[in-house]
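Trainee: I would like to take a close look at one part of this structure, the space enclosed inside it. Could you walk me through that part, and then show me what lies around it?

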Amino acid sequence: LETMLTELEILALGVIGVFAGFMNVIAGGGSLLTVPALILFGLPGPVANGTNRIAIIAQTVVATTAYFRRGIHNLKLSITLSLALLPGAIMGGYWGTRIEGALFNRMLAILMIGVMLTMAFEKQIKNRRELPEGANTLKRPLLVYFLISILGFYGGTIHIGIGFFIMAILHRIGQLDLLETNMHKMAIVIPYSLVVLLIFRGEVGVAWSAGIALAVGNSLGGLVGVRMSVKRGEKYI
């Protein structure tokens, strides 16, 4: 599937991708920018949902590599968390391809409002007990893996805002520090995003030119986000 985009629209997607990639690495919610932008430029909702996965894959690979080069990694934990996400994501991916455009747009609007309200009131609802910087041992592993496995279905279906949920599970429940949490948040979505992209490509199609434009921007923004989070630490995140 391909869509006719002007040079200005491709440039705009690249710029939007930079902001989205930075947001995704530091906290989350970058897809709140990219998916509506794809729809605005003429893609049906399910196609925009699938196309967005191209940018997600590029950004997470670049960001994870940047974390690993800086010595921030726990490969065993990343692999097990990604495997927990995968079954639900596959089921969610197939279900996501069957959401009609009008219904997808309504779901997107509700999700955008929900995520933005969560962001707005985060200071009031968060657990105020600060975790020590450098905490890299997962607490309550059974509960964490259970919640992550459920979250996989959401990630496969729509993905938008999943970074916030992963952070809540790994940081608040698993008690990993924010830098470690953000590293895993990038690494663990790579496997399911690859599989879900293939599902969307086969079922509804994806717009490669739009996805690649976003991917370039997301990757640049993600790289800046890694550098800023490593340099400035938990308070900045």
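Mentor: Happy to! A search of the whole structure, which is a predicted model, turns up one cavity of 30 Å³ or more. The space inside this largest cavity comes to about 130 Å³. Its lining is made of 16 residues, and those closest to the centre are N24, H159, I162, G163 and M186. Try finding these five residues in the view before you read on.

Next, see which helices build the wall. At least two lining residues come from each of α3 (45-69), α8 (162-173) and α9 (178-187). What classes of residue make up the lining of the largest cavity? Polar residues number 10, nonpolar residues five, and there is one charged residue.

Let's stay with H159 for a moment. H159 sits in the loop between α7 and α8. Is H159 buried or exposed? H159 counts as buried because its relative accessible area is 7%, and the cut-off for buried is under 20%. The backbone here deserves a glance too: the phi of H159 is positive, about 70°, although H159 is not a glycine.

R140 makes a good partner for that observation about phi. R140 also has a positive phi, near 45°, and is a residue other than glycine. You will find R140 in the loop between α6 (122-125) and α7 (141-157). With a relative accessible area of 45%, R140 is partly exposed. A glycine gives one further case: G42, just after α2, has a positive phi of about 105°. Helix α2 itself spans residues 31-40, and its buried residues are S31, L32, T34, V35, A37 and L38.

Now turn to the surface. A nonpolar patch there is formed by L8, L11, V15, V18, F19, L33, W208, I212, V216 and L220. Together these residues have about 950 Å² of accessible area. Two elements give two or more residues to the patch, α1 (7-26) and α11 (208-232). Which of the elements gives the largest share of the nonpolar patch? That is α1, with five residues. W208, one of the patch residues, belongs to helix α11. Its relative accessible area is 34%, so W208 is classed as partly exposed.

There is also a charged contact to find. The count of salt bridges comes to one, and this salt bridge joins the side chains of E203 and R98, at 3.7 Å from N to O. The two residues come from distant parts of the chain, 105 residues apart: E203 is in helix α10 (residues 189-203), while R98 is in the loop between α4 (75-96) and α5 (101-120). How do the partners sit with respect to the surface? E203 is partly exposed, at a relative accessible area of 41%, whereas R98 is exposed, at 53%.

To finish, stay in helix α10 and look for V195. V195 is partly exposed, with 29% relative accessibility. From V195 to I173 the C-alpha atoms are 27 Å apart in space, and the two residues are 22 apart in sequence. If you trace your way back to the cavity, start again from N24, H159, I162, G163 and M186, the lining residues closest to its centre.

Note on methods:
Residues numbered from 1 in each chain as written. Predicted model: local features only at pLDDT ≥ 70, side-chain atom pairs only at ≥ 80, totals over all residues. Heavy atoms only, no water. Salt bridge = Lys/Arg side-chain N within 4 Å of Asp/Glu carboxyl O. Helix = DSSP H or I, 4+ residues; strand = E, 2+ residues; numbered from the N terminus. Buried < 20%, exposed > 50% of the residue type's maximum accessible area, 1.4 Å probe, protein only. 1 Å grid on protein atoms, 1.4 Å probe; cavity = no way out; pocket = protein on both sides within 12 Å on 5 of 7 lines; lining within 4 Å. Points joined across faces, edges and corners; volume = space filled by probe spheres on them. Nonpolar A, V, L, I, M, F, W, Y, C, P; charged D, E, K, R; others polar. Patch = residues over 30% accessible without salt bridge, like charges linked within 9 Å, V, L, I, M, F, W, Y side chains within 5 Å. Areas by Shrake-Rupley, 256 points an atom, 1.4 Å probe, with all protein chains shown as cover.
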